[in-house]
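Biologist: Please pick one spot in this model and take me through what surrounds it, contacts and all. Then work outwards from there.

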Amino acid sequence: MRVSDSMSVSELAIALGVRPSTLRHWHAQALVIPDRDPVRGTRRYTPTQVRDARIVHQLRKAGYRITSLRALMPELRRTRRSEDVASALAARDASITARSKALLDGAAALSAVLSIHQANGRIAGPS
C-alpha cells in the first residue's frame with residue numbers, strides 16, 4: 001500500500017460527511033481502528049479501514065447502536081470480500097428480525113392475557 005492510498009482523519013471525515021471527532025469516537029469504541037503515521041503520529045486510514053468507516057457510517061444512519069456495532073465490526077473485519085460482508089449483514093438482519101418478531105409475539109400474548117383479565121374484572125382498566 002502506498003501512503004497516497006490512505007486518508008487522514010480530516011479527509012475521511014469530509015468524505016463521509018461527519019466530524020473528525022466522530023471518527024475519533026469510533027476509534028475509541030474500536031469500531032474503526034486506523035493506523036498511525038510513523039513520523040507525525042496522526043491517524044491514517046487504509047482503504048480497508050475506510051471501508052470499515054463507510055460500513056459503520058451507513059449502519060449508524062440505519063439506527064445501529066454503538067454496542068451492536070462493537071459486536072458486529074470484528075466479524076466484518078475478518079471478511080474481505082463484499083459477498084461475505086453482505087452475508088454477515090444479512091445474518092445480523094435476520095437475527096434482529098427474529099428477535100423483533102419474538103418481542104411482538106410476546107406483546108400480543110400479554111395484551112390478550114390482560115384483555116381477558118380486564119374482562120373478568122380482575123384488573124382495573126384505565127379510567
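Modeller: Let's start at His27, which touches Val32, Ile33, Pro34, Arg36 and Arg43, leaving out residues up to four places away in sequence; contact here means heavy atoms within 4.5 Å. Bear in mind that this is a predicted model, in which local features need pLDDT of at least 70 and side-chain atom pairs count only at pLDDT 80 or more, while totals for chains, interfaces and linings use all residues. Residues are numbered from 1 along each chain as its sequence is written, and side-chain values use heavy atoms, with hydrogens and water left out.

His27 sits in helix H2; helices (H or I, at least four residues) and strands (E, at least two) are DSSP runs, numbered from the N terminus. Is His27 buried or exposed? At 19% relative accessibility, His27 counts as buried, where buried means under 20% relative accessible area, exposed over 50% and partly exposed in between, using a 1.4 Å probe and protein chains only. One of its partners, Arg43, is 16 residues away along the chain, and the two C-alpha atoms are separated by 9.7 Å.

Next door in helix H2 is Trp26, which is buried with a relative accessibility of 3%. Leaving aside neighbours within four places in sequence, Trp26 contacts Leu16, Leu31, Val32, Ala53, Val56, His57, Arg60 and Ile66. Take His57 from that list: 31 residues separate it from Trp26 in sequence, yet the C-alpha to C-alpha distance is 9.7 Å.

Trp26 is also one of the hubs of the largest nonpolar core: of the 23 residues there, Leu12, Leu23, Trp26 and Leu31 touch the most other members. By nonpolar core I mean a set of buried Ala, Val, Leu, Ile, Met, Phe, Trp, Tyr and Cys residues joined through side-chain atoms within 4.5 Å. The elements giving it two or more residues are helix H1 (9-16), helix H2 (20-28), helix H3 (47-61) and helix H4 (66-78).

Follow the hub Leu12 and you reach Met7, Leu23, Tyr45, Val50 and Ala53, its contacts beyond four places in sequence. Leu12 is buried in H1, along with Val9, Ala13 and Leu16. Why call that a face? Seen down the axis of H1, these buried residues fall within an arc of 105° (taken from the directions from the helix axis to the C-beta atoms), so they line one face of the helix. That buried set is covered by elements including E1, H2, E3 and H3. Just after H1, Gly17 takes a positive phi of about 80°.

Two of the elements over H1 belong to the sheet. Three strands form an open sheet in the order E1-E3-E2, with antiparallel pairing. Strand E1 (7-8) and E2 are at the edges with a single partner strand each, so each has one side without a neighbour in the sheet. E1 and strand E3 (residues 43-45) pair antiparallel over two bridges; for two strands to pair, DSSP has to find at least two bridges between them. Across that pair, Met7 stands opposite Tyr45 in E3. Arg44 belongs to E3 and is buried at 18% relative accessibility. Its C-alpha lies 5.5 Å from that of Met7, with their positions 37 residues apart in sequence.

Helix H3 lies across E1, E2 and E3, running at about 85° to E3; axes are lines fitted to C-alpha atoms, for helices over the stretch in contact, and angles run from 0 to 180 degrees between N-to-C directions. H3 packs against H4 too, at an angle of about 145° and with the axes 11 Å apart. That contact is made by Arg51, Asp52, Ile55, Val56, Leu59 and Arg60 of H3 and by Ile66, Leu69, Leu72, Met73, Leu76 and Arg77 of H4.

Back near our starting helix in sequence, Ala30 is in the loop between H2 and strand E2 (35-36). Ala30 has a positive phi of about 65° although it is not a glycine. Most residues other than glycine have a negative phi. Ala30 is partly exposed, at a relative accessible area of 36%.

To place all this in the chain, the elements run β-α-α-β-β-α-α-α from the N terminus on, and 29% of the 127 residues count as buried.
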